[in-house]
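The following exercises ask the reader to work through a structure step by step. Please attempt each task before reading its solution.

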Amino acid sequence: MAKCCLSDEEAERLRIHKAIERQLQHDKKKVELKLLLLGIGESGKSTFIKQMRIIHGSGYSEADKKVFTRLVFQNIFTAIQALINAMKTLQIGYIDDKNTSHAKKLSQVQAEQVYTLEAWQADAIKRVWNDHGVQRCYDRRREFQLSDSAKYYLSDLDRITAPLYIPTEQDILRVRVPTTGIIEYPFNLEKCIFRMVDVGGQRSERRKWIHCFEDVTSVIFLAAMSEYDQVLSESADENRLMESLALFKTILSNQWFQGSSTILFLNKTDLLEEKITHSHLATYFPAFKGPQGDAKSARNFIHQMYVKQHSGHPRSLYTHFTCATDTENIKVVFKSVKDTVLAENFSQLNLE
């Protein structure tokens with residue numbers, strides 16, 4: 001049908017159709033770059049993905065945020081129950097005797113079944129958390145398994161237990177939900193599509209990793225620097241940072257990644273700075289000869305341990321010090337990562 005014979009309605013339909021066709025053709029031309037996020041459990045991989053959704057994705061709508069309410073409540077219960085159990089293990093007594101019965105009642109709740117915080121639960125959690133005995137127990141948290149976000153949530157219960165509570169972006173970033181399986185997130189950037197692949201870091205999850213090793217542009221490896229004095233949840237005899245270093249070496253030696261650049265995120269800079277003042281790095285890594293309580297020296301020492309593992313790899317190592325819960329920090333870091341990946345794949349992308 002000649003264009004001049006079309007009605008206004010048909011002409012508009014044709015215009016829309018052609019616009020859609022052009023967009024589809026444009027998207028087809030876009031090169032897809034695959035970024036694989038690796039690291040041991042709780043190194044910050046999923047938090048980084050959430051940041052990408054905030055910075056380069058659709059963010060979190062009011063409805064999305066409400067979905068996280070239950071998870072925040074469950075994280076709070078998991079944290080207080082971990083502290084209650086540790087009180088027994090470490091043989092620390094409650095300063096207020098009434099908190100013994102509060103703790104007993106809280107222990108009987110199944111954390112994974114929590115959907116709301118009842119008034120008595122919120123009150124009991126506040127009382128137990130504020131007990132000086134529990135605070136002493138918290139100070140010894142390296143001796144048991146406790147989420148990094150425990151203090152963040154437990155110190156802000158008045159806000160979180162308010163009737164119309166909706167999780168903030170920071171609440172969402174701090175939620176701990178172990179990743180199981182392989183989850184892919186495409187982020188449509190101006191000149192290409194970054195497909196980020198997040199995988200579970202626990203030992204039981206790593207056997208699944210082989211399924212996503214093909215066609216990887218870059219490996220982003222996350223390591224939590226603050227975990228130098230902590231042990232694995234899977235094995236109470238093994239240091240978390242040593243496990244991370246061993247995993248990093250294993251990944252670098254894998255044949256699949258000989259053509260992939262490696263981006264190292266030395267994560268949890270904020271927690272390292274807080275912890276290093278009272279937990280000496282040399283106690284766990286005797287090779288460290290720097291000054292006690294100095295975060296910069298500790299950070300550089302940890303960095304060099306990873307650089308040593310990378311020695312001999314054919315592709316470059318790019319290191320960034322990160323705090324995955326800090327959106328501004330990740331915004332700056334990811335811009336650098338994006339520039340690096342695009343520069344390395346310049347010819348493939350045919351960028352001007």
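A residue is called buried when its relative accessible area is under 20%, exposed when it is over 50%, and partly exposed in between (1.4 Å probe, protein chains only). The structure is a predicted model, in which local features need pLDDT of at least 70 and side-chain atom pairs count only at pLDDT 80 or more, while totals for chains, interfaces and linings use all residues. Residues are numbered from 1 along each chain as its sequence is written, and side-chain values use heavy atoms, with hydrogens and water left out.

**Exercise 1. Overall composition**

Task: State how many helices and strands the protein has, and what share of its residues is buried.

Solution. Step 1: Helices (H or I, at least four residues) and strands (E, at least two) are DSSP runs, numbered from the N terminus. On this basis the protein has 16 helices and six strands. Step 2: Of the 352 residues, 47% are buried. Step 3: A contact means heavy atoms within 4.5 Å. Among contacts between residues at least 6 apart in sequence, 74% join residues at least 24 apart.

**Exercise 2. Helix α7 and the core**

Task: Determine whether A150 is buried or exposed, and identify the residues that touch the most other members of the largest nonpolar core.

Solution. Step 1: A150 lies in helix α7. Its relative accessibility is 1%, so A150 counts as buried. Step 2: A150 and F77 are 73 residues apart along the chain, and their C-alpha atoms are separated by 9.5 Å. Step 3: A nonpolar core is a set of buried Ala, Val, Leu, Ile, Met, Phe, Trp, Tyr and Cys residues joined through side-chain atoms within 4.5 Å. The largest such core has 42 residues, of which I76, F77, I80, L83, I125 and L154 touch the most other members. Step 4: At least two residues each come from α3, α4, α5 (119-129), α6, α7 (150-154), α8 (157-160) and α9 (169-174). The most are given by α3, with 13 residues. Step 5: Beyond four places in sequence, L154 touches I76, A79, I80, L83, I125 and W129. Step 6: Another core, of 35 residues, lies apart from this one and includes F213, L247, L281 and A282. In soluble globular proteins, nonpolar side chains tend to be buried together.

**Exercise 3. A helix crossing**

Task: Describe how α3 and α6 are oriented and which residues make their contact.

Solution. Step 1: Axes are lines fitted to C-alpha atoms, for helices over the stretch in contact, and angles run from 0 to 180 degrees between N-to-C directions. The axes of α3 and α6 (residues 132-139) come within 10 Å and cross at roughly 90°. Step 2: Angles under 35 degrees count as roughly parallel, over 145 as roughly antiparallel, 65 to 115 as roughly perpendicular and the rest as oblique. The two helices α3 and α6 are therefore roughly perpendicular to each other. Step 3: On α3 the contact is made by L83, A86 and M87, and on α6 by G133, V134, C137 and Y138.

**Exercise 4. Strand β5**

Task: Find which side chains make polar contacts with the side chain of S261, and which residues L264 is in contact with.

Solution. Step 1: S261 belongs to strand β5, and is buried, with a relative accessible area of 1%. Step 2: A polar contact is a pair of N or O atoms within 3.5 Å; within protein, one must be able to donate a hydrogen and the other to accept it, and residues adjacent in sequence count only if both atoms are side-chain atoms. The S261 side chain makes such contacts with the side chains of S218 (2.8 Å) and E344 (2.9 Å). Step 3: L264 also lies in β5, and its relative accessible area is 0%, so L264 is buried. Step 4: Leaving aside neighbours within four places in sequence, L264 is in contact with F221, F248, Y306, L317, Y318, T319 and H320.

**Exercise 5. Positive phi**

Task: Compare the surroundings of Q91 and K268.

Solution. Step 1: Most residues other than glycine have a negative phi. Step 2: Q91 has a positive phi of about 55°, and K268 has one near 65°. Step 3: Q91 lies in the loop between α3 (62-89) and α4 (98-107), and its 72% relative accessibility means that Q91 counts as exposed. Step 4: K268 lies in the loop between β5 (261-267) and α12 (269-275), and is buried at 10%. Step 5: K268 is among the residues in contact with S226.
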